[in-house]
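Take a walk through this model, one residue at a time to begin with, then outward to cores, cysteines and a pocket.

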Amino acid sequence: MNFEFDADTEEMCAMVVAFAQRELAGRGEAASSTLDVGDFRRRWQLAGEQGLVGGAVPVDYGGSGLDAVASSAVMEALGYGSGDAGFAFSIAAHLFASLMPIAEFGTEEQKREWLPALCSGERIAAHGITEPEAGSDALNLRTRAVRKGDEYVLQGGKCFTTNAPVADVFVVQAATEPNGGFFGLTAFIVEAGTPGLSVGPVYDKVGLRGSPTSDVHFDGCVVPARQMLGAEGMGASVFSASMKWERVCLFAIYLGAMRRVLESTVGYAGDREQFGSPIGDFQAVSHRIVDMTLRLESARLLLYKAAWGLAGGSQDEIAPALAKLAVSEAAVQLGLDAIQVRGGLGVVEGEAATFLRDALPSRVFSGTSEIQKNNIARALGLGNNRRPHRRH
């Protein structure tokens, strides 16, 4: 096993860190409700010029053709360099939850029509699946898509839709066969401005504030059948494939942010004096920082193992779930530890407090920690709906 990136990936990551430090530093504290759409799009266009918003998409359609390992490395660099994890999260959600489904399941016509502008930064995508009554129960959607000739009529709504307030394109999951389970869902590409599609107010979130999020409503929204993504009934397959990308590559953002916060915590412990010595000399503090390092490095190994498998076409269900679970749990605990080391300064606005706010949602989105444990247990052959355990 080789734990080093090649020279091209290292160079690309260094460029991403420099870009993020220059353009995205110090923006994570602003409330979501103060979203400046013009500034968001300006930074998005710059990120597009850096190849960030379409990196994993094949070169033929405007992307850079990065595999899961290189994509994770780039996202880690973005998380390290950026003070705005929300903006980084928006980029990753756009790429892995919206563009990759089009790249992997779209027709040649769909890929040529939609992907180039989405990869360049000219347009922004959002992925709509979560509903008030269908969060963890993703197969029980109430949004319906009824076929009428060469069109589908969408009725219903989505919540917690990342990028919805700024999106030009939506990848939407709807039920074409109610109560049809895994084969009852179908994915569609829907353009913003389509009659019957409307977007609600921007959420004011506890964390990831730089990522605009809102509800999306469909009231008799007519979508041409040619904008169906994959065949009817393939929506769950499209969603499952995108989740592998998201649960691996998106969470690399947190690895980079954790590394940045850990480095600043080590620096703080070396500079801050109490009782005549740097607090880093006290075992209670130094051991806490060692534990922070252990959690980060353990999570990093699990994530890149999952990325290596995804890049090689592995169908392993355990590795992405373990990676997502390990990174999100480590991120929250690292944020708590960073605040504890800083004492009173940790509970006022600053890097540690901002990071903890951004880390908290990671245990919920892309499948809660509990859902990941269920997925792992099922893949091991435990619990309901047992599946044979396959060794890899």
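Start at alanine 70, which is buried, with a relative accessible area of 10%. The model is predicted, so this value, like the others here, is computed from predicted coordinates. Alanine 70 sits in helix H3. For a sense of distance, turn to glutamate 191. This residue lies 121 residues away from alanine 70 along the chain, and their C-alpha atoms are separated by 30 Å.

Now look at the nonpolar interior. The largest nonpolar core has 89 residues. Within this core, Met75, Leu78, Phe96, Tyr254, Leu303 and Phe355 touch the most other members. Helix H4, residues 85-105, supplies the largest share of the core, with twelve residues. A second core is separate from this one and has 18 residues, including Phe170, Val223, Ala225 and Met228.

Methionine 75 deserves a closer view. Set aside its neighbours within four places in sequence. Methionine 75 is then in contact with Leu52, Ile91, Ala92, Phe96, Cys249, Ala252 and Ile253. Phe96 appears here as a contact, and Phe96 is also listed with methionine 75 among the core residues that touch the most other members.

Next, the cysteines. How many disulfides does the structure hold? It holds zero. A disulfide is a covalent bond between the sulfur atoms of two cysteines. The cut-off for a pair of sulfur atoms is 2.5 Å. Cysteine 13 fails on distance, because the closest cysteine sulfur, in cysteine 249, is 12 Å from its own, too far for a bond. Cysteine 119 fails too, because its sulfur is 15 Å from the closest cysteine sulfur, again in cysteine 249. Both cysteines count as buried: cysteine 13 at 10% relative accessibility, cysteine 119 at 3%.

Finally, consider the empty space. Rolling a probe the size of a water molecule over the atoms shows where such space is left. The second largest pocket holds about 480 Å³. Three elements each give two or more residues to its lining: helix H1 (7-23), helix H3 (68-81) and helix H8 (283-311). Which element gives the largest share of the lining of the second largest pocket? H8 does, with six residues. In total, 17 residues line the pocket. Nearest its centre lie Asn2, Phe3, Phe5, Val69 and Tyr304. By class, the lining has nine nonpolar, two polar and six charged residues. Helix H3 thus links two stops on this walk: it contains alanine 70, and it contributes to the lining of the second largest pocket.

Terms used. Residues numbered from 1 in each chain as written. Predicted model: local features only at pLDDT ≥ 70, side-chain atom pairs only at ≥ 80, totals over all residues. Heavy atoms only, no water. 1 Å grid on protein atoms, 1.4 Å probe; cavity = no way out; pocket = protein on both sides within 12 Å on 5 of 7 lines; lining within 4 Å. Points joined across faces, edges and corners; volume = space filled by probe spheres on them. Helix = DSSP H or I, 4+ residues; strand = E, 2+ residues; numbered from the N terminus. Nonpolar A, V, L, I, M, F, W, Y, C, P; charged D, E, K, R; others polar. Core = buried A, V, L, I, M, F, W, Y, C linked by side-chain atoms within 4.5 Å. Buried < 20%, exposed > 50% of the residue type's maximum accessible area, 1.4 Å probe, protein only. Contact = heavy atoms within 4.5 Å.
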